[in-house]
Amino acid sequence: MKKTIALWAALTAAVLLVTGCAAENPAGGRAGDRAGNVGGGRAADGGGDRAADGDGGGDGGGDRAGDKAPEAPAAPGAAAAAAYRKWGLKPFAPPPAPPAAKPVVRPPGGPVPVISDIPTTEKIVFITIDDGAEKDPEFVTMMKDLKVPVTMFLTDAAIRGDYAYFAPLVAQGHGLANHTLTHPNLRTLSPDAQRREICGQQTKLKNRYGQAPRLFRPPYGNWNEATRAAAGECGVDAIVLWRESMQIKNMQYQRGDRKLRPGDIILAHFRGPSELKGRTMTEMTATMLRRIQEQGFTVARLEDYV
């Protein structure tokens, strides 16, 4: 009888041991698999939020650890990291709070400022995107995921075929700015013709998107004092040029040291594979963001400084 009891006890202990291992391994496995989903395709559709409600940590020991250290405060960072991983990027450091007083202001009745950068010592740059010819739906998704602020300098001739494309980008909070009606070299036009180009686009953009632009960029960066006067008459607060321009894979710099500096304004374009040697606009944008990060900068909203 004693031998029978001992054998029964040994068998019971073995069953409990096996059962215990089986309970732990699925929890660990789910933690790994779900973490992979959060970092992959699910990031864009909100899968990253699952880390906050415990799914990302497993159903076993992960929940107990969560009782000691709540996961909720880390969830926004985890979701942002997942969204950036979707595009092959790392999250940017948050930009500093905007200054209480904007460093670039048009004095009442004074000339319109012409700027290529913003006076600041913070390691921030500003992204501007011109024209509007390429209308890649993936770019709208990318901007929604990454929440990196950009300012769009739109030309009516480039956007009139699909005004609706830009509405979600405006709704996301990206800046809406003027780049003329037809993209001419303004220096070759009379003052009246320049005024029609600038004021006409002010009206078009206000009617389409509900806001009149405050910023203006002359095509090709070409302007003269007649441009400046016309911009002022049309309600523009600043003429915005640039310090760097994003090409297909690299930045083109105006300075010999080929480095970003605090407050630089970067120019890019709404371009697609036909102009980017087969690359998409999202690929070009991702490369630009990497170049900015490699030099230790983050991206701020231009309208907060002008």
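The link of Cys199 and Cys234 is left-handed, with a turn of -90° about the S-S bond. Keep in mind that this is a predicted model, so read that geometry as the predictor's version of the bond. The two sulfur atoms sit 1.8 Å apart, and this is the one disulfide that the structure holds. What does the pair tie together? Cys199 belongs to helix α7 (residues 191-209), while Cys234 is in the loop between α8 (225-233) and β6 (238-240), so the bond connects parts that are 35 residues apart in sequence. The two ends differ in exposure: Cys199 is partly exposed, at a relative accessible area of 23%, whereas Cys234, at 12%, is buried. The line between those two classes is drawn at 20%.

Now step back for the overall picture. The protein has 306 residues, and 41% of them count as buried. Its secondary structure comes to nine helices and ten strands. Take the contacts between residues at least 6 apart in sequence: 72% of these join residues at least 24 apart.

A good place to go inside is strand β3 (residues 150-154). All five of its five residues are buried, so the strand is largely enclosed by the rest of the structure. Val150, Met152 and Leu154 point one way, and Thr151 and Phe153 point the other way. Which strands pair with β3? On one count there is β2 (residues 124-131), which runs parallel to β3 and is joined to it by five bridges. Asp130 is the residue that stands opposite Phe153. There is also β4 (residues 175-178), again parallel, with four bridges to β3. In that pairing, Thr151 has Gly175 as its bridge partner.

Between β2 and β3 comes helix α4 (residues 137-146), and the three elements make a right-handed β-α-β unit. At the start of α4, a side-chain oxygen of Asp136 comes to within 2.9 Å of the backbone nitrogen of Glu138. Further along, the buried residues of α4 are Phe139, Val140, Met142, Met143, Asp145 and Leu146. It helps to recall the helix geometry when you look at that list. An α-helix has 3.6 residues a turn, so residues three or four places apart point the same way. After α4 comes Lys147, with a positive phi near 60°. Lys147 lies in the loop between α4 and β3, and at 66% relative accessibility it counts as exposed. His183 is another residue other than glycine with a positive phi, near 65°; its place is the loop between β4 and α7.

Next, the nonpolar interior. The largest nonpolar core has 41 residues, and those that touch the most other members are Ile127, Phe166, Leu169, Phe270 and Ile292. Which elements give two or more residues to this core? They are β2, α4, β3, α6 (167-171), α7, β8 (251-253), β9 (265-269) and α9 (281-294). The largest share, six residues, comes from α9. For a closer look, select Ile292: setting aside neighbours within four places in sequence, its contacts are Phe92, Val125, Ile127, Met251, Leu260, Ile266, Phe297 and Val299. There is also a second, separate core of 27 residues, whose members include Val112, Phe153, Ala177 and Leu267. Phe153 is a residue you have already met, in β3, where it points the other way from Val150, Met152 and Leu154.

The last stop is Thr298, in strand β10 (residues 298-299). Is Thr298 buried or exposed? Its relative accessible area is 7%, so it counts as buried. The side chain of Thr298 reaches the backbone oxygen of Ala93 at 2.5 Å. Leaving out neighbours within four places in sequence, Thr298 is in contact with Phe92, Ala93, Pro94, Pro95, Lys123, Ile124 and Val125. Two of these names, Phe92 and Val125, also appear among the contacts of Ile292.

Technical notes: Residues numbered from 1 in each chain as written. Predicted model: local features only at pLDDT ≥ 70, side-chain atom pairs only at ≥ 80, totals over all residues. Heavy atoms only, no water. Buried < 20%, exposed > 50% of the residue type's maximum accessible area, 1.4 Å probe, protein only. Pairing = 2+ DSSP bridges. Right-handed = clockwise from strand over helix to strand, strands pointing away. Disulfide = S-S within 2.5 Å. Core = buried A, V, L, I, M, F, W, Y, C linked by side-chain atoms within 4.5 Å. Contact = heavy atoms within 4.5 Å. Polar contact = N/O pair within 3.5 Å; in protein donor to acceptor, adjacent residues only side chain to side chain.
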